[in-house]
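User: I should like to learn how to read the structural features of a protein model, one at a time. Could we begin with the idea of burial?

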Amino acid sequence: MYIFYDTEATGLDLHFSQLLQVALVFTDDNLNILASKKVECRRSPWVVPSPGAMLITGFKPDDLKNNPLSHYDMMKDITDWVKTQHWPLTFVGYNSHSYDEPLLARNLAHNLQPTDLTTAVSPQNAAQRNTRLDVFAMVKLVALYRPGLLKLDTLNEYGKPSMSLLNVAKQNGVALSDDEAHDAMNDIKATIGVARIIKDGAPDLWDHFARMSSPENVADYVSKTPVFAYTDLAYGRNKTMVVSDAGSIDGGNTRIVFDLTEDPAKYLNASVEELTAMMRRVFDRNNTQPIPFRLVSAVTQPSFMPVETAGALLNANMGKDELEKRAAAIKSADPAFLARVAEAAATVQNPPSKKFNKQAQSPLLEQLFDRPVAPRLKARLQNWCERFHRAPNWPARAQMLQGFYAEFDADLKKDATIGRFVKYAGRIVFENAPETLTEEQRKGMRAYVARRLLNPDLSAPYMTISKARKELEGIEKERAAGKERWKDVTDSDIRTIKLYYTALEKDLQGVLPPAPVVAPPKPPQP
């Protein structure tokens, strides 16, 4: 069973953008629509929508202010609806692996909902879990492996076939006009239309894509397939090679593959440092040395294919026997070699400088959403969140805020980042029922919102009124230069957005004390 889904949000930043619209369509295995849901919400007080998002999605200031549903209402509604469908489910989107999926997880976390909705274990059968597919990834591979199945004549600004949903749909007889695009439900129907073309025209590819929908399925595939094809789509190279599995890191979420055009015997005695240097070459566009290893995400539908399907795309000029011999050499290698490969891969994936920076910075509340928590503590926190959702009213939820600190006092002393749960809860209560908070709590939240929205620093990681105005200036310049993206934007649209940001600013006047006046330095005495 499939759930096709799409989202519209306040911006592109995955950490700080708020979902404003989510649409979901439940289908059977033949993509017949069985049920659907579309839900929208108002803007949360601490969020500034980017002007680009407002112009593209068509959300107006009144939509952002007057919708009866809060962000919490919408995310809870989505979770509850998905739980009523027949599990396990395969969640399907268009470019969802890169955008909708991580953004959905963050928005769920910020509302105390389970972040693993799209990969959760089935309540009916603990041996089954939800999986994920991305039709955008399918379109890219279909263009290589089954050219002609999809018409892709429209080119993008780089002279390459445009694979945007709008252009792919239009060229292949799937109804989606410019006006209909960027509405979540319309985008879903177009995604289903493109998916049907692939499923009907290349059922073997569709079934294989479905097999790549989870790390567990990927692990099963590579364990049973000693030699397979991998297409490296990085930097538009579209290089297809014949490879063998060489282990994994991240609990199986990242696979390590070896290019079998290289003789593995040359690398069996390589040190961790040498292996690390080889793996890093993949990021160097000017590299001319062999790159025998690749790190491939098993979470985002890896482009692993049967060798016979890849055919002429492969760069291996050797027989099947030699390929299988080389693959067997990797599998039968000294375990210490595979351990060095895994250590090198982990270093490339998380270099020491990245680890240091991650520890040194002070993440903002939204950036803490996926900090790891010990299993027993995680279960207790989930229980607290469920009690929050089940509370009979908002005053009861407001009371739970203070109770959190007493209940998790010892845990907070060991890991202060779990305080994010009560902070998310505090924001939820403030947005939905501020009158249930104390005056001191309300005053603190109003100050938090004002500092956030009025921050003059254009390098702030989140959208502010100052950053939004700067972005709008850039849009006006691009529009004046005739950029296609803004061809339908009117002067009235621009003026409406400018007035919107001014209104947000006025609402916050007087919340923060005025900045101190600094006297100019006295001129030097002669």
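Analyst: A residue counts as buried when its relative accessible area is under 20%, and as exposed when that area is over 50%, with partly exposed in between. The model shown here is predicted. Helix 5 (residues 135-145) offers a case: its buried residues are Val-135, Ala-137, Met-138, Val-139, Leu-141, Val-142 and Tyr-145.

User: Which backbone nitrogen does a side-chain oxygen of Asp-134 reach at the start of helix 5?

Analyst: That of Phe-136: the side-chain oxygen of Asp-134 comes to within 2.9 Å of this backbone nitrogen.

User: How should the confidence of the prediction be read before going further?

Analyst: Where pLDDT is low, the predicted coordinates should not be read in detail. In this chain the average pLDDT is 92, and 94% of the residues score at least 70. Among the elements, helix 18 (residues 420-432) has the highest mean, 98, and helix 14 (residues 352-360) the lowest, 51. Within residues 356-360 the pLDDT is below 50, and this stretch has one contact in the model beyond near neighbours in sequence.

User: How is a sheet to be read, and what is the order of the strands in the open sheet with mixed pairing?

Analyst: Strands of a sheet pair through backbone hydrogen bonds, either parallel or antiparallel. The open sheet with mixed pairing has five strands in the order 3-2-1-4-5. Strand 3 (33-40) and strand 5 (131-134) are at its edges with a single partner strand each, so one side of each is left without a neighbour in the sheet. From one strand to the next, the twist averages 20 degrees.

User: Which pairs of strands in this sheet run parallel, and which antiparallel?

Analyst: Strand 1 (residues 2-9) and strand 4 (residues 90-93) run parallel and are joined by three bridges; here Ile-3 stands opposite Phe-91. Strand 1 pairs with strand 2 in the antiparallel sense over eight bridges, and Ala-9 stands opposite Leu-19 of strand 2. Strand 2 and strand 3 also run antiparallel, with seven bridges between them; Ala-23 has Lys-38 of strand 3 as its bridge partner. The hairpin of strand 2 and strand 3 has five residues between the strands, and in it Leu-31 takes a positive phi near 65 degrees.

User: Is strand 2 largely enclosed or largely open?

Analyst: Nine of the nine residues of strand 2 are buried, so this strand is largely enclosed by the rest of the structure.

User: How does one read a helix, and which residues of helix 3 are buried?

Analyst: An α-helix has 3.6 residues a turn, so residues three or four places apart point the same way. In helix 3, the buried residues are His-71, Tyr-72, Met-74, Met-75, Ile-78, Thr-79, Trp-81 and Val-82. Helix 3 has 13 residues and reaches 19 Å from its first C-alpha to its last, close to the 18 Å expected at 1.5 Å a residue.

User: What is the order of the strands in the antiparallel open sheet, and which strands stand at its edges?

Analyst: This sheet consists of five strands in the order 9-8-7-6-10, with antiparallel pairing. Strand 9 (293-297) and strand 10 (304-305) are the edges; each has a single partner strand, so one side of each is left without a neighbour in the sheet. Five bridges link strand 9 to strand 8 (residues 254-259) in the antiparallel sense, and Val-257 has Arg-294 of strand 9 as its bridge partner. Helix 5 packs on this sheet, touching strand 6 (228-232), strand 7 (239-249) and strand 10, and its direction makes about 115 degrees with that of strand 6.

User: How does one read the surroundings of single residues, taking Ser-244 and Ser-466 as cases?

Analyst: One looks at the element, the burial and the contacts. Ser-244 is found in strand 7 and is buried, with a relative accessible area of 1%. A polar atom of the Ser-244 side chain lies 2.9 Å from the backbone oxygen of Pro-226. Not counting residues up to four places away in sequence, Ser-244 touches several residues, including Phe-228, Ile-256, Ala-327 and Ile-330.
Ser-466 lies in helix 20 (residues 465-480) and is partly exposed, with a relative accessible area of 27%. Leaving aside neighbours within four places in sequence, Ser-466 is in contact with Asn-455, Pro-456 and Leu-458. Ser-466 and Asn-455 are eleven residues apart in sequence and 7.3 Å apart in space, C-alpha to C-alpha.

Note on methods: Residues are numbered from 1 along each chain as its sequence is written. This is a predicted model: local features need pLDDT of at least 70, side-chain atom pairs count only at pLDDT 80 or more; totals for chains, interfaces and linings use all residues. Side-chain values use heavy atoms; hydrogens and water are left out. Two strands pair if DSSP finds at least two bridges between them. Helices (H or I, at least four residues) and strands (E, at least two) are DSSP runs, numbered from the N terminus. Axes are lines fitted to C-alpha atoms, for helices over the stretch in contact, and angles run from 0 to 180 degrees between N-to-C directions. Buried means under 20% relative accessible area, exposed over 50%, partly exposed in between (1.4 Å probe, protein chains only). A polar contact is a pair of N or O atoms within 3.5 Å; within protein, one must be able to donate a hydrogen and the other to accept it, and residues adjacent in sequence count only if both atoms are side-chain atoms. pLDDT is the predictor's confidence in each residue, from 0 to 100. Contact means heavy atoms within 4.5 Å. The expected span of a helix is 1.5 Å times one less than its number of residues.
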